[in-house]
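Colleague: I am new to this structure and would like the terms tied to the values. Please take me through it.

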Number of protein chains: 2
Amino acid sequence: MREIRLLLVGFGNVGDAFLQLLQRKQKTLRKDYALKVLVTGVCTGTHGGALDPGGLDLEQLLQTKRNQSQLNGLSVEVIPQDTLSFINACEADIMLEISPVSYSDGQPAIRFIHEGLSKGMHVITANKGPIVHAYHELRALAREVQRAFLFESTVMDGAPILSMWRETLPAAHLTSFRGILNSTTNFILNEMESSVSFDAAVQKAQERGIAETDPTGDLEGWDAAIKVGVLSTVLMGTPLLPNEVERKGIMGLSQTQITDALASGKRWKLICMAEREGAKVRGVVKPIQVTSSDPLFHVSGTSSAVTFHTDVLGPLTVLEENPGPDTTAYGMLADLLNSL
Amino acid sequence: MREIRLLLVGFGNVGDAFLQLLQRKQKTLRKDYALKVLVTGVCTGTHGGALDPGGLDLEQLLQTKRNQSQLNGLSVEVIPQDTLSFINACEADIMLEISPVSYSDGQPAIRFIHEGLSKGMHVITANKGPIVHAYHELRALAREVQRAFLFESTVMDGAPILSMWRETLPAAHLTSFRGILNSTTNFILNEMESSVSFDAAVQKAQERGIAETDPTGDLEGWDAAIKVGVLSTVLMGTPLLPNEVERKGIMGLSQTQITDALASGKRWKLICMAEREGAKVRGVVKPIQVTSSDPLFHVSGTSSAVTFHTDVLGPLTVLEENPGPDTTAYGMLADLLNSL
């Protein structure tokens, strides 16, 4: 039985779902992977942190979080003041970086990941910022220290898009891709087709935990643009920052446009695309009317899909239904198992 | 630069496409994988064979095949009389087994694969017979001799279904799947929706090289059933033979049924399904009317798709458009690179 110690940097919905998944999969991990997984550190921005080299109690962590209490009461060690010191103080084999995204510079997550790798931990992140802003630098560091740096959950949550490319499509050349990668806007457009107003649809998305309190990142297309950037950077080998993606959100779309389209057999979708143009990649996020012959026409609610165009297969589409914190958590567990 | 020697057992459309792909990807293999791939043996049932430890000329092989000539003229060694002796005589690192499928017992391919592994070769097959009839035995042998035994192209051609499960979905439990896995029948049903008769649709499929001269295996659902068997055997850990799958082909469907369904917004599809029932798996192949809310409704022409239901993600669908010998060939190249 091999013991693996985890450090969680960030403990929001995804961290919550991850701990629940760990509990649920404990037996499988022991039986099929001979692994005992301990959480030896949890560090948050506003709810303190906890360290226990012997392993924190997962149920207590979840309860404390749900009570909105400080985690410090669970700690057997004094908690360092700042996150970098926390990462340095925690005895762990793998760091899960799940702090909030920064579209503009990827910080402070890049510094956290740098620190984790430098300390000799494998690093798994669900954070898109570090990938678009520092992928090549962080990958080089990971190689230098011979540690894994994985990030399956950054695009299409836990659906294995990135590992599919890494592990199963050798010698294939990605020429372009096209998809629906933002759940919130797809849900909102879907609601508006049933004559729900934009504002009411946004509110419904917030109530269901699909949209954040400040939904600007989704509505203005930033989330979609950074995902295009991740796929271009990682799968096409061409760095592409969110602000380099031609980007138009869904806020200019009127209720009438949406119901008119539907009446003529079309649907407005926030389409994400990228294609090679010489040595560069042109990335685009914009609302487009698609017809029923388009596979993306049928992607409803919070579902996501992407079609890859390559030099070796016909168009290859992956569709994920009902993504959410649980599937993001699974993507991180998959990364964890693939890092060993 | 590492030299890899290949033996092809069988040289039909897939073998032809594979050699062309090898030619096309030669530079990538050298540059990105430091590999030089030689074909040192090709063995066929009716067109003789050729052996050259120094590597056969790919262009000559392709030309000879297209002229329907015997391959023996290209050989620098005397050709053994039977396939098993041929496998034994050929100096190769990897054997590609691409002989015709046997639904009933998987032979003689099982013997060929057994011989290749015993001789110390990695074995890659596009043949479903050996998987449903001898997967566990052949996998055990491969482990014993520490060689790879891979078969990506057996289901959905080169779309990475099997390697996706092997490499990217650790600790996930497959509870059921549902898909369209036979291109020929999907093409025929599609044609019949445009009022083409069953016989004319079959003929069109044959003319396009989609259906074989004897299309019974496709029309009676055997090809679909054996694919259900492969997925159950490999992904659900439960052996399932083609004759253990509840199977109904498309031959009972009338033109009227198909156009009537279409008129009421439905489509007849040959659906493949499997679900766990206690320790067993129930596999079903049968024509079903699906509505437009079903992702399989939109799988047209020769495309294939499968939706996986697991305990960790929402429904996960993979759709492949325009499969054919080229994509089967790519699946084998992917296996080749993954075996090293």
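Modeller: A salt bridge here is a side-chain nitrogen of Lys or Arg within 4 Å of a carboxyl oxygen of Asp or Glu. A search of the whole structure, which is a predicted model, finds 26 salt bridges over all chains.

Colleague: What makes A:K128 and A:D223 a salt bridge?

Modeller: Their side chains meet at 3.6 Å, N to O. The cut-off is within 4 Å, so the pair counts. A:K128 belongs to helix α5 (residues 128-144) of chain A and A:D223 to helix α10 (residues 222-235) of chain A, so the pair ties together parts that are 95 residues apart in sequence.

Colleague: How many salt bridges cross the interface of chain A and chain B?

Modeller: The rule finds 2 salt bridges there. One of them joins the side chains of A:D311 and B:K25 at 2.5 Å, N to O. That value is within 4 Å, so this pair also meets the definition. The rule also finds 17 residue pairs in polar contact across the interface.

Colleague: Which elements of chain A give two or more residues to the side that touches chain B?

Modeller: They are α1 (13-33), α6 (161-168), β12 (316-320) and α12 (325-339) of chain A. The largest share, 6 residues, comes from α12(A). By class, that side has 19 nonpolar, 12 polar and 7 charged residues.

Colleague: What is the area buried between chain A and chain B?

Modeller: About 3200 Å², of which carbon and sulfur atoms give 61%. In chain A, the residues that lose the most area to chain B are A:P170, A:A171 and A:Y330, together 19% of what that side buries.

Colleague: Why are β12(A) and β12 of chain B said to pair?

Modeller: Pairing needs at least two bridges, and these strands have 5, so they pair; the sense is antiparallel. Among the bridge partners, A:L316 has B:E320 in β12(B).

Colleague: How do you know that the copies are related as by a two-fold rotation axis?

Modeller: A turn of 180° and a shift of 0.0 Å along the axis lay chain A on chain B with an RMSD of 0.0 Å. The two copies are therefore related as by a two-fold rotation axis. In chain A, the C-alpha nearest the axis is that of A:V318, 2.4 Å from it.

Colleague: Why do you say that the copies meet through the same surface?

Modeller: Chain A has 38 residues in contact with 38 residues of chain B. Of the interface residues of chain A, 100% are also interface residues in chain B, so the copies meet through the same surface.

Key:
Residues are numbered from 1 along each chain as its sequence is written. Chains are lettered from A and ligands numbered from 1 in the order in which they are written. This is a predicted model: local features need pLDDT of at least 70, side-chain atom pairs count only at pLDDT 80 or more; totals for chains, interfaces and linings use all residues. Side-chain values use heavy atoms; hydrogens and water are left out. Contact means heavy atoms within 4.5 Å. Buried area is the accessible area (1.4 Å probe) that two parts lose on being put together, summed over both. A polar contact is a pair of N or O atoms within 3.5 Å; within protein, one must be able to donate a hydrogen and the other to accept it, and residues adjacent in sequence count only if both atoms are side-chain atoms. Helices (H or I, at least four residues) and strands (E, at least two) are DSSP runs, numbered from the N terminus. Ala, Val, Leu, Ile, Met, Phe, Trp, Tyr, Cys and Pro count as nonpolar, Asp, Glu, Lys and Arg as charged, and the others, Gly among them, as polar. Copies are superposed by least squares on the C-alpha atoms of residues with pLDDT of at least 70 in both.
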